[in-house]
Amino acid sequence: MTEEEELTYSDAGVDIDASEAATAALVGAVSDIDNTTDYAGLLDIGDQYLALATDGVGTKLLVAEALGDYSTVGIDCIAMNANDLVASGVEPVAFVDYLAVDEPTEEFSEQVGEGLAAGAEEAGVALVGGETAVMPEVISGLDLAGACAGLAPKDAIFPGEAEVGDVLVGFESSGIHSNGLTLARKAATKDHDYDDDFPLGEGTVGEALLEPTRLYTYLLPALRERDVHAAAHVTGGGWTNLLRMGEHRYEIDDPFPAQPVFDFVQDGGNVSDEEMHRTFNMGTGFVVALPEDDAESLAEETDGRIIGTVAEGETVAIRGLSLD
């Protein structure tokens, strides 16, 4: 790749538009799903909903494999699922994992288990079992995914639609989290190895990429005390996730700063600002839309801060960009 060429997520091997089209086709084929949010499926069980979400760790596992360190990927697996439930207003209560491998070893299985246990403790969920499948003709290395179940009174589910005039409260991410790693890996290793010292901070390049996904389950009590209209878990698709809260203009004037790992990835792959914000959380991992008074008290009570407002339009305006 020449100095002038810009690395994109599509170049790295992931076409977001194609992925979204494939997902829409799958959802369209399962036409009897009535109760859903943008982040979870809901089952009516009387006076409350049973909610389910499923997700995996993705190609972050390749970084873990390169370092021989699987101790944090279990945290990622639980966080990617539990955070989706929180974005719906649901309290996560139980988790089940699925580990597929080409060849089982006690060492990495123990490390994965340690991460799952740590994530479950932080999220306040019970690990209620799982499955390890040995499939050498299907899997190269390993894949880790899971499903999280949660419960919510029917009046606790967030409406899912922001309103013009709402204020946006954001919560800091811990770094790249567990999406966009296909792009991040290729950019980061263009001129470096995973075990090289990380030039913008402590540890190694691989350790910077492996920083586990932050859990936002601690926010749920404070969110339920307020008139939350919608929430967004900023994962795949980066800041365009805010458009899942409704077709509005999301004016972001004070986001959290992007951690150094994002600068490293952007410089390493010559990635454009727009591509970075369409792929990564860029420092803010969770966003809530709610009335101004509630937003101010939420920011004061938690570690969040007011990052913007909701206006008429259909875009995400951030750092001089317009994402739609």
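**Close-up views of two sheets and their helices in a predicted model**

**View A. Helix 4 on strands 7 and 9.** Helix 4 (residues 73–86) lies across strand 7 and strand 9 (284–290), at about 165° to strand 7. Helices (H or I, at least four residues) and strands (E, at least two) are DSSP runs numbered from the N terminus; contact means heavy atoms within 4.5 Å. Axes are lines fitted to C-alpha atoms, for helices over the stretch in contact, and angles run from 0 to 180 degrees between N-to-C directions. The model is predicted: local features need pLDDT of at least 70, and side-chain atom pairs count only at pLDDT 80 or more, whereas totals for chains, interfaces and linings use all residues. Residues are numbered from 1 along each chain as its sequence is written, and side-chain values use heavy atoms, without hydrogens and water.

**View B. The open sheet of 7 strands.** The strand order is 7-9-6-10-8-11-12, with mixed pairing (two strands pair if DSSP finds at least two bridges between them). Strand 7 (230–233) and strand 12 (321–323) each have a single partner strand, so one side of each lacks a neighbour in the sheet. The twist averages 20° from one strand to the next. Strand 8 (residues 249–252) runs parallel to strand 11 (residues 315–318), joined by 4 bridges; Glu-251 stands opposite Ala-317 in strand 11.

**View C. The open sheet of 5 strands.** Here the order is 1-2-5-3-4, and the pairing is mixed. Strand 1 (41–44) and strand 4 (126–134) are the edge strands. Strand 3 (residues 91–101) pairs with strand 4 in the parallel sense over 7 bridges, and Ala-94 stands opposite Ala-126 in strand 4.
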